[in-house]
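Good morning, everyone, and thank you for making room for me today. I would like to walk you slowly through one protein model, beginning at a single residue and working outwards from there.

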Amino acid sequence: MFPIHILEGLIAFSILFLGRSCLSTESDVACPVGWTSFSSRCYFVMQSLYTWQGARDVCQGLGARVIEITTADENDFMVKLVDGVTFTSEDKAWLDCTNIGRSLNDWVCGPDDHELSYTYTNWKPNEPNNAGSEHCMEMYGTGIWNDKSCEAQNLAICESK
Ligand code: MMA
Ligand code: CA
């Protein structure tokens with residue numbers, strides 16, 4: 001008969017191994033093919049450039065929305081995500097925030113126009129500066145934020161709701 005202590009050892013190892021693999025992906029949600037998971041959401045980089053409103057429209061068409069970055073970890077994740085984009089050297093991505101019809105530092109985000117979270121921001125020094133007419137938020141490939149003309153052509157990264 002199979003020695004019981006070997007069986008016990010195998011079971012213990014399996015529980016440990018399976019438990020660890022479950023734990024390591026515990027915070028990442030399962031995503032559709034082509035989407036990348038981070039925390040509890042799924043992310044997709046569109047393979048074309050869009051104006052800010054165009055990005056909103058294309059993400060909404062997927063049942064998603066343009067990315068809004070609320071933590072340093074999420075910002076770091078975006079930098080890695082746009083680093084893999086090869087169809088453009090202009091790896092600037094739209095963020096789902098705007099100050100259209102508002103003052104320089106009054107930014108609202110998302111389909112519900114909620115106030116920008118001021119617990120985490122990553123503006124470049126001296127931005128936003130409204131150079132010309134800039135009412136939409138973009139992230140450079142380095143992860144730094146800038147206010148930009150809403151008509152500029154940037155990456156659209158969609159995040160699941
Ligand atoms: C560009 C444009 C602005 C940005 C400045 C920074 C000249 O304008 O991207 O949004 O603030 O560069 O120098
Ligand atoms: Ca600017």
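**Starting from Glu134**

If we set aside the neighbours within four places in sequence, Glu134 is in contact with Asn99, Asn129, Asp147, Lys148 and Ser149. Before I go on, please keep in mind that this is a predicted model, with a mean pLDDT of 88 for the protein and 83% of the residues at 70 or more.

Where along the chain does Glu134 sit? Glu134 belongs to the loop that runs between strand E6, residues 114-115, and strand E7, residues 136-139. Within that loop, a polar atom of the Glu134 side chain lies 2.9 Å from the backbone nitrogen of Ala131.

Now, which side chain of opposite charge is nearest to Glu134? That side chain is Lys148, 4.8 Å away, and Glu134, although buried, has no salt bridge. A salt bridge requires a side-chain nitrogen of Lys or Arg within 4 Å of a carboxyl oxygen of Asp or Glu, and therefore the distance of 4.8 Å to Lys148 does not qualify.

**The calcium ion**

What Glu134 does have is a place among the donors of the calcium ion, ligand 2. The ion is coordinated at 2.2 to 2.5 Å by Glu127 and Glu134 through OE, by Asn129 and Asn146 through OD1, and by Asp147 through both O and OD. If you follow these donors along the chain, their spacing reads E-x1-N-x4-E-x11-N-D. Glu127, like Glu134, is buried, and you may remember that Asn129 and Asp147 also appeared among the contacts of Glu134.

**Backbone details in the loop**

The peptide bond that leads from Glu127 to Pro128 is cis, with omega near -5°, and Pro128 lies in the loop between E6 and E7. Asn130 also lies in the loop between E6 and E7, and Asn130 has a positive phi of about 45° although it is not a glycine. Is Asn130 buried or partly exposed? With a relative accessible area of 30%, Asn130 is partly exposed.

Ser39, which is not a glycine either, has a positive phi of about 55°. Ser39 is placed in the loop between strand E1, residues 36-38, and E2, and at 34% relative accessibility Ser39 counts as partly exposed.

**Stepping back to the whole chain**

The protein has three helices and nine strands, and, read along the sequence, they follow the pattern α-β-β-α-β-α-β-β-β-β-β-β. Of the 161 residues, 39% are buried, and, among contacts with a separation of 6 or more, 63% join residues 24 or more positions apart.

Helix H2, residues 52-61, is a good place to look at this burial, with Trp52, Gly54, Ala55, Arg56, Val58 and Cys59 all buried. What covers these buried residues includes strands E2, E3, E4, E7 and E9, and E7, you will recall, is the strand that follows the loop of Glu134. Just after H2 comes Gly63, which takes a positive phi of about 75°.

Finally, a word of caution about one stretch: over residues 6-25 the pLDDT stays under 50, and for these residues the model has three contacts beyond four places in sequence. I would leave that stretch out of any detailed reading, and I am happy to take your questions.

Methods
Residues numbered from 1 in each chain as written. Chains lettered and ligands numbered in written order. Predicted model: local features only at pLDDT ≥ 70, side-chain atom pairs only at ≥ 80, totals over all residues. Heavy atoms only, no water. pLDDT = per-residue confidence, 0-100. Contact = heavy atoms within 4.5 Å. Helix = DSSP H or I, 4+ residues; strand = E, 2+ residues; numbered from the N terminus. Buried < 20%, exposed > 50% of the residue type's maximum accessible area, 1.4 Å probe, protein only. Lys, Arg positive; Asp, Glu negative; His and termini not counted. Polar contact = N/O pair within 3.5 Å; in protein donor to acceptor, adjacent residues only side chain to side chain. Donors = N, O, S within 2.8 Å, 3.2 Å for Na, K, Ca; no water.
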